[in-house]
Amino acid sequence: MKKEDNFTQLVKENSERIMRICCYYGNGGISADDLYQEVLINIWKSLSKFRGDSSLYTWIYRVAVNTCLTHAVKSNKYYSTKVTPSPLLLNNLADNELFDKIEEEERYEKLSEEINLLSVIDKALISLVIEGLSTREISEVIGITEPNVRTKISRIKTELRSKFKIEKK
Amino acid sequence: MRTIDEVTLKIKSEDRSYANLCIGIVIGYALISVLYLYMIYREIVTGGDIIEIIKAVSLLLAMLNFMIFFLYYNKKYRYADYSEPLLVMLKKARKRYKPFNPDSLFILPALILADFGLSFERGLSISFWAGQLLFFGLITLSAFVGYVIWIYKYKPLVVNISELIDELESGR
């Protein structure tokens with residue numbers, strides 16, 4: 001299959017996933033649509049380097065997260081980037097020990113606000129948790145060890161809980 | 001939002017114009033090299049001045065060195081690989097944006113050869129040492145200007161990237 005056909009098929013299959021990642025960061029001086037195009041350009045440039053060492057799914061997240069974070073770092077506005085996850089995706093954050101299922105609109109908005117205040121790295125990690133990636137997959141995207149991913153996510157959740165103080169039902 | 005076809009067209013057009021630019025630069029180096037090659041040939045055939053031959057050979061080698069350096073640098077740094085894990089990509093970016101890259105030392109032989117060749121230039125009515133001072137003065141000035149530009153343009157980027165790397169590598 002030609003590179004162009006490969007690219008078109010890959011983008012068609014993953015456009016929603018890519019767009020969601022772009023929406024998390026699309027507030028730092030660049031729109032989500034523009035970020036989406038940058039991600040596509042970087043997918044095109046890196047496509048020939050995909051060797052199948054990781055799953056295509058993880059690979060797409062790598063390119064999307066790297067592109068968005070690079071833009072945030074270059075524009076020096078990364079602390080003002082915004083995470084705007086949907087209530088459904090936020091439910092992936094729910095954890096029996098830390099969070100109950102987030103159903104109420106008010107709770108969702110408050111948690112979303114707190115996530116927006118996280119550091120850029122914490123935001124990247126939590127956005128991947130919201131996307132439903134496993135610890136191993138997050139480790140492959142970010143490039144740190146699985147225990148380090150677990151430690152960081154646990155710390156972020158603890159921080160969110162302390163600020164958010166979700167009451168268990 | 002643009003369609004995939006539009007984005008693909010835009011990417012291919014950018015790739016093509018960048019490839020054309022690279023080809024143009026390489027052709028420029030190649031033309032100058034051919035010119036020096038012709039000068040060497042002419043001097044040898046006509047039993048010309050050995051000094052002129054040494055000068056032309058030095059400048060020819062300098063041009064070839066500049067061309068190889070350009071091709072190497074272009075291949076290595078043209079694209080950041082966004083498909084690598086974030087930590088790896090950030091470390092490579094930090095290395096790429098540092099002011100003194102060890103890879104830049106590959107240009108040193110070209111500069112020495114160019115200086116050596118130009119030191120035989122008789123058209124310049126200045127002494128050898130004044131010529132050396134002028135040549136290396138210009139190189140030092142260029143390096144200084146480059147460093148000042150780096151401080152304003154790239155240093156904040158390197159600081160930001162280093163902070164992200166530290167945060168990722170911290171155990172918390």
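**Exercise 1. Which pattern does chain A follow when read along the sequence?**

Solution. The structure is a predicted model, and the assignment of secondary structure in chain A is the place to start. Chain A has eight helices and zero strands. Read along the sequence, these elements give the pattern α-α-α-α-α-α-α-α.

**Exercise 2. Describe the burial, the contacts and the accessible surface of chain A.**

Solution. Begin with burial: of the 169 residues in chain A, 55% are buried. Turn next to the contacts within chain A between residues at least 6 apart in sequence, of which 69% join residues at least 24 apart. Finally, consider the surface, where chain A has an accessible area of about 7700 Å², with 46% of this area belonging to carbon and sulfur atoms.

**Exercise 3. Determine whether A:Y36 is buried or exposed, and place this residue within chain A.**

Solution. The residue A:Y36 lies in helix α2 of chain A, a helix that spans residues 32–46. Its relative accessibility is 5%, and because buried means under 20%, A:Y36 counts as buried. As a last step, take A:I18, which is 18 residues away from A:Y36 along the chain: the C-alpha atoms of the two residues are separated by 6.8 Å.

**Exercise 4. Characterise the interface between chain A and chain B by its extent, its polar pairs and its composition.**

Solution. Count the participants to begin with: 42 residues of chain A are in contact with 30 residues of chain B. Between them the two chains bury about 3300 Å², and 62% of this area lies on carbon and sulfur atoms. The count of salt bridges between chain A and chain B is zero, whereas 11 residue pairs are in polar contact across the interface, with both residues at pLDDT 80 or more. On the side of chain A that touches chain B, at least two residues each come from α1 (3–25), α2 (32–46), α3 (56–75), α6 (120–130), α7 (135–142) and α8 (146–164) of chain A. Sorted by class, that side of chain A has 18 nonpolar, 12 polar and 12 charged residues.

**Exercise 5. Why does B:N65 count as buried, and which residues does B:N65 touch?**

Solution. First locate the residue: B:N65 is found in helix α2 of chain B, which covers residues 50–77. Then compare its accessibility with the cut-off, since buried means under 20%; B:N65 has a relative accessibility of 16% and therefore counts as buried. Leaving out residues up to four places away in sequence, B:N65 touches B:F106, B:P109 and B:A110.

Terms used:
Residues are numbered from 1 along each chain as its sequence is written. Chains are lettered from A and ligands numbered from 1 in the order in which they are written. This is a predicted model: local features need pLDDT of at least 70, side-chain atom pairs count only at pLDDT 80 or more; totals for chains, interfaces and linings use all residues. Side-chain values use heavy atoms; hydrogens and water are left out. Contact means heavy atoms within 4.5 Å. Buried area is the accessible area (1.4 Å probe) that two parts lose on being put together, summed over both. A salt bridge is a side-chain nitrogen of Lys or Arg within 4 Å of a carboxyl oxygen of Asp or Glu. A polar contact is a pair of N or O atoms within 3.5 Å; within protein, one must be able to donate a hydrogen and the other to accept it, and residues adjacent in sequence count only if both atoms are side-chain atoms. Helices (H or I, at least four residues) and strands (E, at least two) are DSSP runs, numbered from the N terminus. Ala, Val, Leu, Ile, Met, Phe, Trp, Tyr, Cys and Pro count as nonpolar, Asp, Glu, Lys and Arg as charged, and the others, Gly among them, as polar. Buried means under 20% relative accessible area, exposed over 50%, partly exposed in between (1.4 Å probe, protein chains only). Accessible areas come from the Shrake-Rupley method with a 1.4 Å probe; for residues, only the protein chains shown count as cover.
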